[in-house]
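Dear colleague,

I am passing on the structure we spoke about, and I would be glad if you could keep it open on your screen while you read the notes that follow it.

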Amino acid sequence: MIIVLMGAPGAGKGTQADMLTDQVGYRKISTGDALRKHVKLGTPVGKQAADIMARGELVPDNVLLDVLREEIGSNPKEVVVLDGYPRNLTQAETLRQVVEGVHPVRGCVHLDVDRSAIVERLSGRRVCSSCGTSFHVSANPPKKDGVCDKCGASLYQRPDDDAKSISVRLDVYDRSTEPVLDYYRQRGLYCKVNGAGVTDEIFRELRDAISTCLN
Ligand code: AMP
């Protein structure tokens, strides 16, 4: 069963999906994380994606299809939270076809956050180079500057978290990704959760919304 977690870049999808994994046992698939792994390993997919990602644009759909197939698995019993896919209408249709029969999409949960808060979140974000945990320089700083609380590895700023790429990513979101919300709304699968405020409260609301989708 698939839950599609939607929201603009910086809405907190990654953090919330990690909490759903740790606290509820759902499996998270993040296409952004998968692509960053390819870039780090220097695979052909990584070589194709690196510059596009740094600019904040979308990696071609055919590459994402390979990534999706690699990650999705075929266990119909598990609940998979998809973070970062689909990002346009073509991908939404592809997802429907790829998972048909094995992993029905049971809901699309939209983490809704104001644009001004998003820019502030993205520009202050720092990510662990090893385990991928996200911090924020002021809202959620690590205990030791530049060091991950969870695994002790160094933190870095994603190359696409600079002002120019943030603006491109938000544009791409408005143009290509937002129509996907309507795609799921029309199929009766859409629900919205307020993504502003305290992380634990957002998590409770999100967890409840997902339970409703799964029942
Ligand atoms: P994220 O970590 O979800 O913010 O993704 C980081 C970057 O990876 C995006 O800005 C895109 O360049 C690329 N990416 C991730 N998921 C997709 C997708 N579904 N389609 C196209 N590009 C993607």
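Please bear in mind throughout that this is a predicted model. A good place to start is an open sheet in which three strands are arranged in the order β6-β5-β7, with antiparallel pairing. The edges of this sheet are formed by β6 (134-136) and β7 (155-156), each of which pairs on one side only. Strand β5, covering residues 125-128, is joined to β7 by two bridges in the antiparallel sense, and there you can find Val127 standing opposite Tyr156 of β7. Across β5 and β6 lies helix α6 (residues 115-123), which runs at about 45° to β5.

You will also find an open sheet of five strands, ordered β2-β3-β1-β4-β8, and here the pairing is parallel. Its edge strands, pairing on one side only, are β2 (27-30) and β8 (190-194), and neighbouring strands are turned against each other by 25° on average, if direction is ignored. As a reminder of the general background, strands of a sheet pair through backbone hydrogen bonds, either parallel or antiparallel. Within the five-stranded sheet, β1 (residues 2-6) and β3 (residues 80-83) are paired in the parallel sense over four bridges, and Ile3 has Val81 in β3 as its bridge partner. Helix α5 (residues 89-99) packs on this sheet, where it touches β1, β3 and β4, and its direction makes about 165° with that of β1. Helix α1 (residues 13-24), for its part, lies across β1, β2, β3 and β4 (105-112) and runs at about 155° to β2.

Turning to the interior, the largest nonpolar core has 54 residues, and those with the most contacts inside it are Ile2, Leu95, Val109 and Tyr184. If we leave aside neighbours within four places in sequence, the contacts of Leu95 include Ile2, Val4, Leu68, Val105 and Tyr184.

The last element I would point out is helix α7 (residues 163-186), whose 24 residues reach 34 Å from the first C-alpha to the last, close to the 34 Å expected. Even so, α7 has a kink of about 45°, centred on Asp174. Which residues of α7 are buried? Among them are Ile166, Leu170, Tyr173, Thr177, Leu181 and Tyr184. After α7 comes Gly188, which has a positive phi, near 70°.

With best wishes

Technical notes
Residues are numbered from 1 along each chain as its sequence is written. This is a predicted model: local features need pLDDT of at least 70, side-chain atom pairs count only at pLDDT 80 or more; totals for chains, interfaces and linings use all residues. Side-chain values use heavy atoms; hydrogens and water are left out. A nonpolar core is a set of buried Ala, Val, Leu, Ile, Met, Phe, Trp, Tyr and Cys residues joined through side-chain atoms within 4.5 Å. Buried means under 20% relative accessible area, exposed over 50%, partly exposed in between (1.4 Å probe, protein chains only). Contact means heavy atoms within 4.5 Å. The expected span of a helix is 1.5 Å times one less than its number of residues. The bend at a residue is the angle between axes fitted to the seven residues ending there and the seven starting there. Two strands pair if DSSP finds at least two bridges between them. Axes are lines fitted to C-alpha atoms, for helices over the stretch in contact, and angles run from 0 to 180 degrees between N-to-C directions.
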